[in-house]
Every structure is written in structure tokens, then in C-alpha cells.
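Student: I should like to take a close look at a single part of this protein. Could you please guide me through the largest pocket, and then through some of the elements found elsewhere in the chain?

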Amino acid sequence: MSEPQIKFITPDNAAQKLRLICRESAKDVTVIFGAGASRGYSRTAHVYVPPTVAELFDERNNNVVSEVLNWQKHDEIRGLKSKIQRSIKNHENNLEKYLSFIYTDNPENNLFSLLIIYLQDIFAFASANLDLDDNHYKSLASAMFDWRGKRPYWFLSFNYDTILEQSVADLPIYIPSRSFKDRLDYTSAFPKISKIHGSINFRYVTETKGLVSRLSAHELFSQMMKDQTDAHETLPIETSIPNEIVRNGENLKYSFPLMMIPIHEKVSPENAYFKKEIENAKKVISNSALVIAVGYNFGDERFLQELRGSIRPDTEFLLVGTQSLANNPTLHESYQNISKVWSLKEISIFQGDGFGSFADSL
């Protein structure tokens with residue numbers, strides 16, 4: 001039996017379909033954001049856009065990287081830049097696969113935790129220098145608010161930056177306004193936002209007694225991963241990310257980013273936060289009439305496997321990516337991955353070039 005023919009949807013038809021489903025369905029409407037969404041949230045002329053995985057160490061083509069990579073605290077990362085770039089490329093430019101590999105190869109390798117601190121600073125810098133004027137997150141959020149009103153809709157983000165939250169908070173359309181000042185505010189009103197892989201403003205905080213107990217970044221990461229309480233502090237999105245170590249008299253207070261690189265079954269036990277967010281995403285998606293994925297390649301295999309068997313057979317799926325996806329879907333990682341768990345006859349490919357083209361169509 002031949003597979004269903006790939007379905008494409010034009011910008012004009014996409015807006016019409018989205019509006020119809022959003023206005024008529026009482027079920028959830030869910031938007032999933034990946035790295036491509038944050039990379040393309042503003043016009044390309046913006047100076048400080050977050051890097052894609054392929055650009056994470058590219059000082060020539062990304063201004064955020066050229067700034068942060070040269071901070072003294074990242075001397076070790078800069079010295080290993082070429083090696084890291086080659087390794088990521090050998091893992092299909094999939095950061096999750098690369099980090100899983102180096103952690104599995106040697107859990108005591110301090111490079112893993114150094115990379116998390118580097119990623120924290122990359123996305124904190126991009127978040128502090130965001131473009132709120134020409135902003136596709138705002139365009140999409142505003143359209144969804146018009147169409148959905150008080151009916152349920154979710155934004156599931158795999159990104160560590162706070163550009164999505166700041167964009168939603170900058171819209172004057174919500175009563176009361178959204179501030180994301182604490183953990184509760186992420187899900188207290190629609191759109192509800194879930195940061196599945198954590199966030200730069202989600203902090204694992206611990207304090208040691210006495211200067212002799214100074215912890216390395218690797219020790220902090222290991223302690224965080226073993227924590228099963230799901231306890232963490234949430235900083236307001238406009239707050240600068242604190243130093244990792246703050247002196248409190250003779251004690252040292254540590255603030256480590258709760259950024260859950262998916263290394264499932266390679267760390268045992270795994271921090272409870274990540275499992276909880278995946279379970280929530282699974283529940284939301286299973287109750288959705290429509291799921292839209294913007295700039296996400298579905299590289300987290302555990303997330304994909306959790307979706308298997310929980311998707312409603314009539315839930316429609318719209319995949320939004322760059323022109324390369326629209327030109328050759330079967331060769332694109334995002335389509336290859338999602339087609340493993342989603343009915344092909346319910347998948348549509350947006351015939352446009354990236355987040356901007358999609359937002360403009362609305």
C-alpha cells in the first residue's frame with residue numbers, strides 16, 4: 001500500500017484553516033517552538049538573533065556568539081571551539097545527540113557543564129538584546145488571542161531563551177497583563193507556556209556551608225540531575241542572569257541553570273522537572289485539535305516516543321520551517337522525525353520560508 005501523498009498548505013490557506021479551527025474547536029490548539037523559531041523571530045537585519053546549532057561557535061556569522069565566546073569565563077570553550085564544531089557536525093548538527101554522546105562517553109567530563117554555562121550566556125545575551133518591534137512571536141500570539149479568546153491554547157517551547165515570554169508580556173491585549181514573574185504565571189492564563197527543556201531564568205539553587213565546600217560546575221550539574229523534588233527558583237524574565245556563585249558570609253550560594261539537555265537513560269536518576277514537562281506536553285498534545293511546530297526538528301527521541309500512541313487520529317499537524325523543508329520534506333529531519341509517530345495523512349507542510357512568512361500570513 002502506497003504512503004499518502006505529502007500535503008502542502010499555502011500561506012493564504014494556512015491562515016484560513018488556523019482561523020477556522022481556532023474559532024470553532026473547544027479542544028486545545030498547541031504551538032511547538034524550536035531553535036528555528038527563536039533564530040527567525042525577527043527580521044534577519046536584527047543584530048542579536050540567537051544562533052542555530054550550526055552557528056553556536058560561529059563568530060563570523062552570529063553577533064551573539066562573537067560577543068559571548070570572547071568572555072574570559074569561556075576561555076576553555078574557545079580553546080576547544082574547532083573540536084566541538086567538528087563533533088557537532090558529525091552528529092548531524094544535533095546538539096542533543098552531541099551532548100548525549102560526550103556525557104555517555106565520560107560522565108566526569110567537565111566539558112558538558114561548561115557547555116551548559118556557555119549556552120546560558122548565549123541565550124541570556126540574546127534575550128537581553130531582543131527586538132520587540134519586528135517580532136513574529138508577537139504577531140502569532142496576537143492572532144491566536146483574537147481567534148481563541150478564553151479557549152485553551154498552549155505554547156510549548158524547547159528554547160532556553162526568554163524571547164517568547166518577553167514578546168507575550170509586551171502585548172497590551174491581556175487582562176491582566178502577563179509578566180512571567182514566577183513559575184505560576186507561566187500557566188495561570190492562556191496562552192499557557194511550557195519550557196520543556198528548561199530556561200535560563202529557571203535556576204537550581206543550592207548553598208554550601210563554609211569555603212572548603214566550593215563546588216565545580218560539573219558537581220552542580222550532577223547534583224541538579226539527581227534532584228527528584230522538581231524544586232527550582234524562577235526569576236522574572238527581565239532579570240539579568242546571576243553569577244553562578246554568590247558569597248553569603250562564610251557560605252556560598254550557587255545558581256545553576258535548569259536547562260535539561262535530553263540525556264535520557266544516560267543519567268540516572270534524571271531531574272524530575274524534565275519528566276514532568278514531557279508528561280504535561282503529552283497530555284496537552286493528546287487533547288489538541290491542531291498542533292503547529294515552528295522551527296523544531298523533533299530531535300528529542302524520548303519526547304517522540306512519549307507521543308507515540310497518545311495522539312488523536314484526527315489531530316491535524318502543521319509543520320513550519322524554512323524553504324528547504326517546503327522544497328524537500330522527505331529529506332528534512334523535522335518531517336522524517338515527526339512522521340515516525342504522526343499519521344502522514346494529518347501532516348501538512350507550510351509552503352513558505354520560515355517563521356516570518358508564517359507570521360505574515362496571519
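Tutor: What follows is a description of the pocket, then of a sheet and of one helix.

The model is a predicted one. About 1200 Å³ of space lies in its largest pocket. The lining is made up of 50 residues, and those closest to the centre of the pocket are Ala-35, Gly-36, Thr-52, Gly-295 and Asn-297. Several elements give two or more residues to this lining, among them α2 (35-39), α6 (95-105), α7 (111-128) and β10 (316-320). The largest share, five residues, comes from α2. By character, the lining divides into 21 nonpolar, 22 polar and seven charged residues.

We turn next to the sheet. Strands of a sheet pair through backbone hydrogen bonds, in either a parallel or an antiparallel way. Here four strands form an open sheet in the order β6-β5-β8-β7, and their pairing is antiparallel. At the edges are β6 (233-234) and β7 (245-248), each of which pairs on one side only. Strands β5 (residues 198-208) and β8 (residues 251-259) are joined over seven bridges. Glu-207 stands opposite Lys-253 of β8.

Finally, consider helix α11 (residues 272-286). Its 15 residues, at 1.5 Å a residue, should span 21 Å, and this agrees with the end C-alpha atoms, which are 21 Å apart. The N-terminal end of α11 is capped by Asn-271, a side-chain oxygen of which lies 2.8 Å from the backbone nitrogen of Tyr-273. Tyr-273 is itself buried, and other buried residues of α11 include Phe-274, Glu-277 and Ile-285.

How values were computed. Residues numbered from 1 in each chain as written. Predicted model: local features only at pLDDT ≥ 70, side-chain atom pairs only at ≥ 80, totals over all residues. Heavy atoms only, no water. Expected span 1.5 Å × (residues − 1). Buried < 20%, exposed > 50% of the residue type's maximum accessible area, 1.4 Å probe, protein only. Polar contact = N/O pair within 3.5 Å; in protein donor to acceptor, adjacent residues only side chain to side chain. 1 Å grid on protein atoms, 1.4 Å probe; cavity = no way out; pocket = protein on both sides within 12 Å on 5 of 7 lines; lining within 4 Å. Points joined across faces, edges and corners; volume = space filled by probe spheres on them. Nonpolar A, V, L, I, M, F, W, Y, C, P; charged D, E, K, R; others polar. Pairing = 2+ DSSP bridges.
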